[in-house]
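Okay, thanks for making room for me today. I'd like to walk you through one model, from the whole chain down to a few single residues. Let me put it on the screen.

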Amino acid sequence: MEWIAYSLYWIVTLLGIGFIFLPLASRLLPAQRDRGFAASIPLGIIAISYIQYVLGTLHILPFTRPSLFLLLILAAIGNILIFKRYYLKAKGESLAQGLIAWYTGIFRRRLIIFECALFALSFLFLAYIRGQEPSAHGL
C-alpha cells in the first residue's frame with residue numbers, strides 16, 4: 001500500500017504544476033470551457049522537461065531535484081508575469097487578490113473538480129495496474 005502514498009504525492013505535484021502553468025495555458029487556449037486547465041498539466045511537464053534537457057545538455061544546469069525546483073520557481077515567476085500583464089485588470093488590486101479572484105472567478109468549478117478527479121483516478125488506476133505487472137511484456 002506504499003504505492004498509494006507515492007501516487008498521491010505525484011498527483012499533488014502534477015496538479016500543482018498544472019495550476020502554475022494555468023495562466024500560460026489560459027492565454028494559449030482562451031476559448032476552452034476550462035480555460036486550458038486540462039492542457040496546463042502536459043504543457044507544464046513539457047516545458048520544464050525540455051528546458052531541463054536543453055540546459056543539462058549544454059552543461060549549464062545539472063539534472064538534479066534542486067535544479068528542477070529552480071526551474072519550477074522560474075516558471076511560476078514567468079506565469080505570474082503573464083497573469084499580471086494579461087489578467088490583472090483593477091489598478092488598486094494586489095497580486096494576491098487578483099490571483100484569488102481569477103482562480104475562483106474564471107472556472108466552472110464543477111468542470112475543474114471533475115477534471116482533477118478524473119486525472120487522479122486515472123493516475124491511481126494506472127499506478128495500480130503497473131504495480132501488478134511492472135514489465136512491459138504483460139501489457
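So, what pLDDT does the protein chain average? This is a predicted model, and its chain averages a pLDDT of 86, with 93% of the residues scoring at least 70. Confidence does vary along the chain. It's lowest in helix α5, residues 95–105, where the mean is 74. It's highest in helix α3, residues 37–57, at 94. As a general caution, where pLDDT is low, the predicted coordinates should not be read in detail.

Now the overall picture. How many helices and how many strands do we have? Six helices and zero strands, so to speak α-α-α-α-α-α from the N terminus on. The C-alpha trace spans about 55 × 45 × 25 Å along its principal axes. There are 139 residues in the chain, and buried ones make up 27% of them. The accessible surface comes to about 9600 Å², and carbon and sulfur atoms account for 71% of that. For contacts, take residue pairs at least 6 apart in sequence: 55% of those contacts join residues at least 24 apart.

Let's go to α3, the helix with the highest confidence. Here's a little check you can do on it. With 21 residues at 1.5 Å a residue, α3 should span 30 Å, and its end C-alpha atoms are in fact 30 Å apart, so the two agree.

Which residues of α3 are buried? They are F37, S40, I41, G44, I48 and Q52. Look at the spacing as you read along that list. An α-helix has 3.6 residues a turn, so residues three or four places apart point the same way. And what do the buried residues of α3 pack against? Four other helices: α1 (2–20), α2 (22–28), α4 (65–86) and α6 (109–132).

Next, the loops on either side of α3. R35 sits in the loop between α2 and α3. Its phi is positive, about 60°, although R35 is not a glycine. R35 is partly exposed, because its relative accessible area is 31%, and the cut-offs for that class are 20% and 50%.

After α3 comes H59, in the loop between α3 and α4. H59 also isn't a glycine, and has a positive phi of about 60°. Is H59 buried or exposed? It counts as exposed, since its relative accessibility is 73%.

L58 is in the loop between α3 and α4 too. L58 is exposed, with a relative accessible area of 54%. If you want a feel for distances, try L58 and Q32: they are 26 residues apart along the chain, and their C-alpha atoms are separated by 37 Å.

Now compare that with a pair from the two ends of the list of helices. S7 is in helix α1, and A120 is in helix α6. In sequence they are 113 residues apart, but C-alpha to C-alpha the gap is 8.9 Å. Both are buried: S7 has a relative accessible area of 6%, and A120 has 17%, which is under the 20% cut-off.

What is S7 in contact with, leaving aside its neighbours within four places in sequence? F123, L124 and A127.

There's another buried serine I want to show you. S26 is in helix α2, and it's buried because its relative accessible area is 3%. Not counting residues up to four places away in sequence, S26 touches R35, Y87 and W102. That R35 is the residue with the positive phi from a moment ago. Keep in mind that W102 falls within residues 95–105, which is α5, the helix where confidence is lowest.

Last stop, the surface. Which residues form a nonpolar patch there? L70, I73, L74, I77 and L81, and together they have about 470 Å² of accessible area. One of them, I73, is in helix α4. Remember that α4 is also among the helices that the buried residues of α3 pack against.

That's my tour, so over to you for questions.

Terms used: Residues numbered from 1 in each chain as written. Predicted model: local features only at pLDDT ≥ 70, side-chain atom pairs only at ≥ 80, totals over all residues. Heavy atoms only, no water. pLDDT = per-residue confidence, 0-100. Helix = DSSP H or I, 4+ residues; strand = E, 2+ residues; numbered from the N terminus. Expected span 1.5 Å × (residues − 1). Buried < 20%, exposed > 50% of the residue type's maximum accessible area, 1.4 Å probe, protein only. Contact = heavy atoms within 4.5 Å. Patch = residues over 30% accessible without salt bridge, like charges linked within 9 Å, V, L, I, M, F, W, Y side chains within 5 Å. Areas by Shrake-Rupley, 256 points an atom, 1.4 Å probe, with all protein chains shown as cover. Salt bridge = Lys/Arg side-chain N within 4 Å of Asp/Glu carboxyl O.
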